[in-house]
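Visitor: I am new to this structure. Please pick out a single part and take me through it closely.

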Amino acid sequence: MTIDDRTPVLVGVGTAAQRLDDPTEAKEAVGLMADALAAAADDAGSRGLIGRLDQVRVTQGTWGYADPARWVADAVGATQARSYLADVGILQTAVMGDAAAAIASGSADVIAVVGGEAKYRGLRASITGIEAPDTDQTGAEPDDFVTPHGMIISRAEIDTGLVMATHHYAMIENARRFADGHSIDEHRDEVAGLWARFAQVAAANPDAWFRDGLDAAAIATPENGNRMLAWPYTKWHNSQWNVDQAAALIFCSAGTARALGISSDRWVFPWAAAESNHMVPVTERPELHRSPGFAYAGRAVADHVGMAPREASHVDLYSCFPIAVRTQALELGIDLDRDLTVTGGMTWAGGPLNNYVIQAAVKLARVLRADPVSTGLLTSISGMITKQGASVWSAQPPAQTFANIDVTEAVAAVLQPKPYRTGDNETAEVVSYTVIWGRDGPERAVVIGEFADGARTLLVSAVPAVMASAVAGEFCGRHVIAATDGSFTPVD
């Protein structure tokens, strides 16, 4: 078939990683990103792409660079490229989808999407006491800066100390167990078994950060350094972000790819992307274990490409925590028993904060090139399953033009937040909960309660007997007295 010159195509993918004990010998994050971008150009077989870059897009990390894309662009010789920074809270699906849409519209011909972290370098600097400073970009500003609107975490959640993703995802996980009607033991085994399968994929992935292939028992059992963080999650249920990893993607138009002589066996086509940016804090969601945004995003790409998400040959579901994968599978109609990652996921392959989807896209592109008649589904999350993204890819050209679809308004119409208020010594039903651990043991139980009028509230108890009861048996569905000071007392 004839491929239109304006068809966006991913032509180059690259990664960079290091694991050096001496932080002075390690590159900082922008150095890794530059290496990944150079590797992507080499992967395409055309360093000429560098000189044609219209824009270098970087996703915000834990580092403090003011204009990392300019540093990266200059490092590889793309001084003509505009710099772009996507703040935390912007879906990585959106960063890639908008790049493809810009190429399809003719407003750009070549765009690089790059991200990376050097938190292992920082960890080693902290452990050794050796300084390893990052480049100072004081006074610099990106040409384009994209930032989200609204708060991912509510003020009430912040005031209650629910500021870590682990806390929120543990709450969603417990709500799912209750909705499924599973026992504590059944749920523990199911979740650990899922994560053990991800660990096995990472064990076979040469780019994965952890390749030990831990089994379900090791993941579920809080011992040997695998401490409990927020019940029921141990360390090995969590995304691991102390990694030195970077990845880069180079998109261009089909016409530019042909003009530069880039072999068609390097081409991977984005067929469609969809995103929802409707934000509802975890505490205020009508059903904590559901995500209408994924249902709508999945339906949107399916309608455009004529393929249901479950029909994709290869899948990589965003995997910051087990419940993220389980929720996506539920909403997208994907069987949990099938392969759900091409990398091994964010616990094992590495979860460099706001860059994992770019890392996964590199791996997916390689898988699709090796299986050129297949299709791939790649998803992303921002926040606490707060924003949702899905995209479909193939080494085969699409039968339709690329579509970048925003389903935010449709999701907002069906996902209305619950009201929130404090209690006045009244009864509330437990919607979900977690027990948050410190290094010396459990510190506090946190409950999302719902009053008879439907309003939600957050409650806390540091009573040892209450915390022990909360992890010994199902606490969802029980009733508590919500005191005016934000504490609670179980009543049944």
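Guide: What follows is a walk through an open sheet, then a nearby loop residue and a run of hairpins. The model is predicted.

Start with the sheet. Five strands form it, and it is open. Their order is β10-β11-β12-β9-β13. The pairing is mixed. Look at the edges next. β10 (314-316) stands at one, and β13 (403-406) stands at another. Each has a single partner strand, so one side of each is left without a neighbour in the sheet. Neighbouring strands here are turned by 10° against each other on average, with direction ignored.

Stay with β10. It pairs with strand β11 (residues 375-382) in the parallel sense, over 3 bridges. Valine 315 stands opposite leucine 377 in β11.

Now add the helices. Helix α4 (residues 92-105) packs on the sheet. It touches β9, β11, β12 (387-394) and β13. The direction of α4 makes about 130° with that of β9. Helix α14 (residues 356-370) packs on the sheet too. Helix α14 touches β10, β11 and β12. Its direction makes about 175° with that of β11.

Next, a single residue. Serine 291 is found in the loop between β9 (269-276) and α11 (292-305). Is serine 291 buried or exposed? Its relative accessible area is 3%. Buried means under 20%, so serine 291 counts as buried. Which residues is it in contact with, leaving aside neighbours within four places in sequence? They are Thr327, Glu331, Ile385 and Gln388.

Last, the hairpins. Strand β14 (residues 426-438) runs antiparallel to β15, and 9 bridges join the two. A hairpin links them through 2 residues. Isoleucine 436 stands opposite arginine 444 in β15. Strand β15 (residues 441-450) is mostly covered, with 7 of its 10 residues buried.

On from β15, the chain makes another hairpin, with 5 residues between β15 and β16. Glycine 454 sits in that turn and has a positive phi of about 90°. Strand β16 (residues 456-461) is antiparallel to β15, joined by 6 bridges. Two facing pairs help you find your place. Isoleucine 448 stands opposite leucine 458 in β16. Glycine 449 stands opposite threonine 457 in β16. β16 is mostly covered as well: 5 of its 6 residues are buried.

Terms used:
Residues are numbered from 1 along each chain as its sequence is written. This is a predicted model: local features need pLDDT of at least 70, side-chain atom pairs count only at pLDDT 80 or more; totals for chains, interfaces and linings use all residues. Side-chain values use heavy atoms; hydrogens and water are left out. Buried means under 20% relative accessible area, exposed over 50%, partly exposed in between (1.4 Å probe, protein chains only). Helices (H or I, at least four residues) and strands (E, at least two) are DSSP runs, numbered from the N terminus. Two strands pair if DSSP finds at least two bridges between them. Contact means heavy atoms within 4.5 Å. Axes are lines fitted to C-alpha atoms, for helices over the stretch in contact, and angles run from 0 to 180 degrees between N-to-C directions.
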